[in-house]
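Subject: Structure handover and notes

Hello,

Here is the structure I said I would pass on. Please open it first and then read the notes below alongside it.

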Amino acid sequence: MQTLGAVLTALLAADFGAAASRYKRNALLWAIVAVLLGTAYVFALVAIALALADRYSPVVATVAIAIALLATALVVVAVMAALNARDRRILDERRRRSMLQTNLALAAATSILKKQPLIGVGTAIAVGLLLGLGKGRRRSDRR
């Protein structure tokens, strides 16, 4: 049994080491990709500015690019606001449904308790145990 534990421990340690090195490698590669994309973006803006400067004055070209980027940023902000509002509505709807279910359960428990007190007490204990087992403290909560 001791050798099995040692093998499993070594296997887990090897997996964690491999995963950590994989994450480091991926982070480095994504950083390189981000720098290259940023550089390409800057050169694309310069190329657009030069192309517009051939047709219009350099000041008009730079102002046109600035206005286009500002409009794009405003559109992105509007999309983000719409998505956040949708998420808030979904969360409110879930919360409302949960409160409705809780109220219905309490109403049912109250009616059972009025009609048959012993069954109501047993039901209350069972519901309490089920709710208590589902929300037990985890290891991270104890520390």
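How many salt bridges does a search of the whole structure find? The search finds four. Before going through them, please keep in mind that this is a predicted model.

Overall layout

The protein has four helices and zero strands, and along the sequence the pattern reads α-α-α-α. Helix α1 covers residues 2-55, and helix α2 covers residues 58-115. Helix α4 is made of residues 139-142.

The mean pLDDT of the protein is 82, and 80% of the residues reach 70 or more. Among the elements, α2 has the highest mean pLDDT, at 88, while α4 has the lowest, at 53.

Of the 143 residues in the protein, buried ones make up 3%. The protein exposes about 12,600 Å², and 71% of that area is supplied by carbon and sulfur atoms.

Salt bridges

Back to the search result. One salt bridge joins Arg-86 to Asp-87, with the closest N and O atoms 3.3 Å apart. Both partners can be reached from outside to some degree: Arg-86 has a relative accessible area of 41% and is partly exposed, and Asp-87 is partly exposed with 39%.

Another salt bridge is formed by Arg-95 and Asp-92, where the closest N and O atoms are 3.4 Å apart. Because Arg-95 and Asp-92 are three residues apart in helix α2, about one helical turn separates them. Arg-95 is partly exposed, at 46% relative accessible area, and Asp-92 counts as partly exposed too, at 42%.

Glu-93 and Arg-96 also meet through their side chains in a salt bridge, at 2.6 Å from N to O. These two residues lie in helix α2 as well, three residues apart, or about one turn of the helix. Glu-93 has a relative accessible area of 29%, so Glu-93 is partly exposed. Arg-96, at 44%, counts as partly exposed. Glu-93 and Arg-96 belong to a network of salt bridges that also links Arg-97.

Transmembrane annotation

Which residues does UniProt mark as "transmembrane region"? An unreviewed UniProt entry places this feature at residues 29-52 and at residues 59-83. In the model, the span 29-52 is 100% helix and 0% strand, and its end C-alpha atoms lie 34 Å apart. The span 59-83 is likewise 100% helix and 0% strand, with 36 Å between its end C-alpha atoms.

Contacts of Ile-65 and the place of Val-60

Ile-65 is found in helix α2. Is Ile-65 buried or exposed? Its relative accessibility is 13%, and since buried means under 20%, Ile-65 counts as buried. Leaving out residues up to four places away in sequence, Ile-65 touches Leu-45, Ile-48, Ala-49 and Leu-52. With Ala-49, the C-alpha to C-alpha distance is 7.2 Å, although Ile-65 and Ala-49 are 16 residues apart in sequence.

Val-60 is also placed in helix α2. Val-60 has a relative accessible area of 43% and is therefore partly exposed. The C-alpha atoms of Val-60 and Ala-49 are separated by 9.4 Å, and these two residues are 11 apart along the chain.

Nonpolar surface patch

Which residues form a nonpolar patch on the surface? They are Tyr-41, Val-42, Val-46, Leu-50 and Leu-69, and together they have about 460 Å² of accessible area. Helix α1 gives the most to this patch, with four residues. Leu-69, on the other hand, is found in helix α2. Why can Leu-69 count towards a surface patch? Patches are made of residues with over 30% relative accessible area, and Leu-69 is partly exposed at 37%.

If you go through the model yourself, I suggest starting with Ile-65 and the residues it touches, including Leu-45 and Leu-52. After that, look at the network of Glu-93, Arg-96 and Arg-97, and then at the patch that includes Tyr-41 and Leu-69.

Regards

Key: Residues numbered from 1 in each chain as written. Heavy atoms only, no water. Patch = residues over 30% accessible without salt bridge, like charges linked within 9 Å, V, L, I, M, F, W, Y side chains within 5 Å. Areas by Shrake-Rupley, 256 points an atom, 1.4 Å probe, with all protein chains shown as cover. Buried < 20%, exposed > 50% of the residue type's maximum accessible area, 1.4 Å probe, protein only. UniProt positions renumbered as here; feature names shortened; annotations may be inferred. pLDDT = per-residue confidence, 0-100. Contact = heavy atoms within 4.5 Å.
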